[in-house]
Every structure is written in C-alpha cells, then in structure tokens.
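Student: Please take a close look at a single part of this structure, the place where two neighbouring parts of the chain meet, and set out what is there.

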Amino acid sequence: MAAPQPGPAGPLSPGPPSRPDDTARELSRAQREHAELIDSVDGIVWEADPSFRFTCVSKQAERLLGYPVERWYQEPDFWVTHVHPDDRVWAANYCREAAEQCLPHEFEYRMLAADGRIVWLRDIVTVVAEDGRPHRLRGIMVDITGQRRAQEHLEHTVSLLEATLDSTADGLLVVNLSGNILACNRRFQQIWGLEDMQPVGRDAPVLRHVSEKVKDPEGFVARVRALYATPEEESFDILELRDGRVLELYSMPQRQRGLITGRVWSFRDVSARVHAERERERLLREAHEAIQVRDDFLSIASHELKTPLTPLRLHLQMLKHALESHQPVTPGRVDKALGQVRRLSALVNDLLDASCVGAGRMELQRTPMSLPELAREVFSDFRAASGNHALTYEGPDEDVLVSGDRGRLAQVLTNLLENALKYSPLGGPVRVTLTHSGGDAVVSVVDSGIGIPKEEQAHLFARFFRARNAPVSGFGGLGLGLYICRDIIERHGGHIWVESELGRGSAFHVSLPILSTRPLHEAHV
Ligand code: ADP
C-alpha cells in the first residue's frame, strides 16, 4: 500500500507503535499484511476527505491509471481533474451531494489514464460521519471498461437488429415455447392493425385479434396450436384475410445453443401478386370462353346462313327451268324464294344490329306513337301466317302513347312473336296482351311451348345465348334476337323480362314509360 499522507490519520492509516518491541513487530506485520491485502484487491481502494483529497489509495491505482500514487496524495484536485471532461461536473456534484447527506452511493464515470486511455470506473462509496457531518469518504473504484465496451457492443447490436427488423418488408414475430410473444417488428403490427397495442408478452389477445381477421379462424388457430405442439417443425401456409389480403406465412423454430427456445414467424403480404395472378387466370378463362363462344357462333352462324340458301337455290333453279321451258311461273314459288331471302336478310340484320349494340352505337328515332296500334299491326302480320297456333290479342280501352322508335319497337314485338311460334313447335295458344298501370305500358307475349330452364333464364338476354333445350326444338337461331331487344327496350327507358316454366311455356314482358293516354275506338282486333 502506498505511504499515507500527512494530515489526520484515518482508520486505514498505520499509527505509531506504542507497545514493547515484539508487540510493535506484530503490529507492523499486521499492518503490512493489511496493506498487502488492500493492494491485492482488484480495484482502487481509497479514502479521502469530503473535499476529495486522498488520504489513502491502494497501489492498484497506479496499475490501473498509470499515475504514481504520490500524485493522488499531493494534488488536492487530483480526482476531479482526471475525471473525463464529459463526466467531471456531474460526477463531482453527485458525489459531493451524496456525501453532504452522509449517504452511501455508487456511480459510473470515465477517468483519463496517464497514457490517454479512457477507463470506465464504478465507484462504490461509503461516508463516515461525525456529529452528522461527513468526515471521511471511503470507496473502491472497480475497472468496468471491458463490461462497458461489451454493453455498448450489445446495445449497438440490439439497435442494429431492431433497425433491421423494422426496415424489413415482412412482419416478424418471435414467441417462446408457450406461444407468449417475445418480440415483433413494426411491420407485423401494421399488417395486423396492432399499432395501438403493445403485443409483447400478450399471446391470447393477439392470437384472438389476428384470428378474427382471417377467413378461416378455426383452421388458423388449430394450425398454430399444432405447430406449438411440434416445436421442431417448419411451416409454410397461405393465409386469406377477410379484407381480401393474402399473406404468406412462414415459421421456423428458434434455437439457442442447439435447444429450441421458441418460434419465429414471418408474414409476407402477397396480395398484389396473388390478385394479379387471379386476375390473369380470370382473363385467360374469359378469353378461352370468348374464343369458344366465337367458334360456336361461327359454326352456328354459317349453318344458319347456309340453311335458307339451299331452298333459295332450289326455287331459283326451278324458276329458271320454268322460264326456259316456257312453263308458267307461279307467284307461290316466287314467294317461297322471297321468304328465304327475307330469312337471310333478317339474319344479316341481326348480325349488324348485334355489332351496333356491342359497340353502343344503336341509334333510335323516337317520336310520340301509339303502342296499341303498333301491337295490332305486328299481331295482324303474324295472324296471317300462324299455322297451327291460336293467336289472340287483347289491348286496352284507350290509346296509349309512348315516345318510341316505331321500327325498332316493331322489331322487338316481331322477335317475341317469332320466338313464341318457333319455340312452341306443337302449336297451341299464343297470347299478346297490352296493359298499362302506374305510368308504364306492358306488352306480353305468352306461349305454351317448350319453356326455358330456370337456371338459364338469367342469361337469356346475353349475346349468343341459346338455352340448352333450344336446339331440340329443331329451330335454328343465332342467340342475338333477345340481346338486341333488351338494348332497344332499355334505350327507351323500359324493361324486358321473362317468366317461364320448362315444358309449359313462356311469357315475355316488355314495359315502356307512357307519354299519355287517349280514348280508343277500336280496342280489339
Ligand atoms: P334465337 O335466334 O336463338 O331464338 P333469341 O335471342 O331470340 O335467339 O333467343 C335466345 C334463346 O332464348 C333461344 O335460343 C331460346 O333458347 C330461348 N327462347 C327465346 N324465346 C323463347 C320462347 N318463347 N320459348 C322458349 N325459349 C325461348
């Protein structure tokens, strides 16, 4: 131990021998051993007065900081002047205030070593009081530089890890073996809307919150529980959320020194990719369907266009033959040929109209017109050629005016009546009625034909749609008539709909807004 300094001797200071020789020897041996003990302590054992002037400093001071021990004694402000400038003021104040209150205290600060090194010390100080006043300070300064460096390194590593976790695009969650949350990153909280919750340590509320958001909560919770029961297992799942998002969910065991201590989960939002894939698949499916529809249409259309051509050629050949052989040409044969020409031009018109509807280019020439008059007119045309069908028409007692395109509305009624006859191949009643109520006029065409399957009725007004029972009726068609009718009627501000029962008949209804009504002298045809 270093030589004590002049001044009031402290309990650590050796006192003058006051005994006979062997007692003195014994005493000095005890003092030497005492000093050796203090010097061997791995820390600077010290004693100072309340103004920080040292009265005793162990040799460890020289080994640790490189200043001769004498300087600690001789320089009154040795401690304060060798404390690191950043710690000097607060450390001195802290120690002084604690000493004044005679309180033991402990603090950590930096000192500057003789070779310029910075040494971190933990100073553990007790205060010896006399008459309630601090009389002497005693302490031990322990070198904690290594510890501090390790701590700084650890803090740096942790902050690096936290920054890395928070900057990743994936939500990350670490749980222990019982499923309690140990850590999670900000992205995890964002994905699950947990920004306002402190999820760490709270497994149950988080799992409940999370499972409420997935489409199959029971399946999800069962999967999580199963994974907790098999800690060594890795997992990969696709999670569908109620709000439409799709997450990829990976998990793997967390290991520490070879032992499984928990599980790390990662959640990746792959909604954009999955939705794009689904959209692509949908478009591809639609494209295939469209190609199929187009191919079907081409084969139906060519068949339909070809059908009238054969009889037409036949009629023309017979006419030519009659003319060449100077035989009389009967008007009936010419009519038949004209009938096939009409059928051809009706098909071509349907094709042209359908392309207008598809392009939104169907134009109407609307004028105020009498709907009963039009209905009667169309009805009369059909009554002449109704074959084995019993056609009836029933109209209102007054005239009903609508703002309509006469030609187009006639086209609709014609189409409905044609269909009624076409799809009741065994004949039977076909009823046309015109009623009005609540500002709308309703024309209905009711037949007792083959009817339409329930599940297909909703598609009837779509382009190219033909009910599956239509071909069995033996009549052709392009599946365009009702598609065009709907467009015409809707452009008039009206509606068209169907009621039908398979095998029992159909009723097609068209409603149109009325302009006005006026007395009609001839209500029935
Ligand atoms: P098509 O030229 O095929 O008759 P439409 O568009 O006029 O085309 O009709 C579409 C489909 O609706 C028909 O193929 C048929 O399946 C069904 N349909 C239309 N009217 C009737 C009806 N009165 N009775 C039974 N089915 C009908």
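Tutor: What follows describes one domain interface, with a short look at the ligand and at the salt bridges elsewhere. This is a predicted model, in which local features need pLDDT of at least 70 and side-chain atom pairs count only at pLDDT 80 or more, while totals for chains, interfaces and linings use all residues. Residues are numbered from 1 along each chain as its sequence is written, and side-chain values use heavy atoms, with hydrogens and water left out.

The protein chain is divided into domain 1 (32-145), domain 2 (168-269), domain 3 (279-357) and domain 4 (362-523); these bounds come from an automatic or database domain assignment. The part in view is the interface of domain 3 and domain 4, whose C-alpha centres lie 23 Å apart. Each domain puts 12 residues into the contact, where contact means heavy atoms within 4.5 Å. About 1100 Å² is buried between domain 3 and domain 4, and carbon and sulfur atoms give 71% of that area. Buried area is the accessible area (1.4 Å probe) that two parts lose on being put together, summed over both.

Across this interface the rule finds one salt bridge, that is, a side-chain nitrogen of Lys or Arg within 4 Å of a carboxyl oxygen of Asp or Glu. Arg408 pairs with Asp353, and their closest N and O atoms are 3.0 Å apart. Side chains of opposite charge can pair when their charged atoms come close. Three residue pairs are in polar contact between domain 3 and domain 4, both residues at pLDDT 80 or more. A polar contact is a pair of N or O atoms within 3.5 Å; within protein, one must be able to donate a hydrogen and the other to accept it, and residues adjacent in sequence count only if both atoms are side-chain atoms.

On the side of domain 3 that touches domain 4, the elements giving two or more residues are α10 (271-324) and α11 (331-358). The largest share, seven residues, comes from α11. Helices here are DSSP runs (H or I, at least four residues), numbered from the N terminus. This side of domain 3 has nine nonpolar residues, no polar ones and three charged; Ala, Val, Leu, Ile, Met, Phe, Trp, Tyr, Cys and Pro count as nonpolar, Asp, Glu, Lys and Arg as charged, and the others, Gly among them, as polar.

As for the ligand, one of its oxygen atoms is 2.7 Å from a side-chain N or O atom of Arg466. For the model, the salt-bridge count comes to 30.
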